[in-house]
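Trainee: Got a minute? I'd like to go through this model with you.

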Amino acid sequence: MLEELIKNWKLYCKEENFVGLGSTRKVYRVSDYVIKVNLHPIGYHQSKNEFEIYTTMAYKYLDPLLAQTYYYDELISIQKYYAPLELIDNQSYEINLENHSHLIPDSFEKVLNELDKNFDCFDLRDSSNYGLDNEGKLVFIDYGMTKSLYESKWVPLAEEGILPQIYFDICNSCRVEKELRMYGDNDKDKRCYECGKE
């Protein structure tokens, strides 16, 4: 199946398989896999980092808390699928060890510290970066953005309006308050993804 996805990934990246959209990658589910399509070269660096982090963490037996990246290239990466956490009031939220203790797996704090200190990972507590395993415990599914990549590459592009920033506001089309993708200060298109804005 993996070889088929690598070879014919465009056939599987269609709306009915869509599961998520970040600022640099768009994600589709195919069976037990996700295909992350790079929307920007930063997405490639995130996928490369995820592959390298997973491989290193496997040597330390800390890989069960990370979604395995099986493959990456300049266009896509393929990772193990985990059900994403649901939004609360149409927005992501910060994972809190006390408030979300029922979701916290063993070794979670150890993995969190490893990702922070040894891999320079950024935004590790945002709920959009997690999925749930079969036992309903957290698994990192988006862990390739580093602080240095964020500060040196992502922030300047977001400030220029090239990459979207996420704002919580009312969509002008469906009139629901939710996360909107906004491209710089001059972007007046306040529509959500469901209403057609990518």
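Trainee: Which residue follows H5, and is its phi positive or negative?
Mentor: Gly161 follows H5, and its phi is positive, near 85°. Helices here are DSSP runs (H or I, at least four residues) and strands are E runs of at least two, numbered from the N terminus.

Trainee: Anything I should know about the model itself?
Mentor: It is predicted: local features need pLDDT of at least 70, side-chain atom pairs count only at pLDDT 80 or more, and totals for chains, interfaces and linings use all residues. Residues are numbered from 1 along each chain as its sequence is written, and side-chain values use heavy atoms, with hydrogens and water left out.

Trainee: Back to H5. Where is the kink?
Mentor: At Lys153, about 35°, shortly before Pro156. That bend is the angle between axes fitted to the seven residues ending there and the seven starting there.

Trainee: Which H5 residues are buried?
Mentor: Leu149, Trp154, Leu157 and Ala158. Buried means under 20% relative accessible area, exposed over 50%, partly exposed in between (1.4 Å probe, protein chains only).

Trainee: And what do they pack against?
Mentor: Helix H3 (41–59) and strand S9 (165–170). Contact means heavy atoms within 4.5 Å.

Trainee: New topic. How many disulfides?
Mentor: The structure holds 0; a disulfide needs a pair of cysteine sulfur atoms within 2.5 Å.

Trainee: Which cysteine sulfur is nearest to Cys195?
Mentor: That of Cys192, 3.6 Å away.

Trainee: Why does Cys195 count as partly exposed?
Mentor: Because its relative accessibility is 27%. Cys121 is at 2%, so Cys121 counts as buried.
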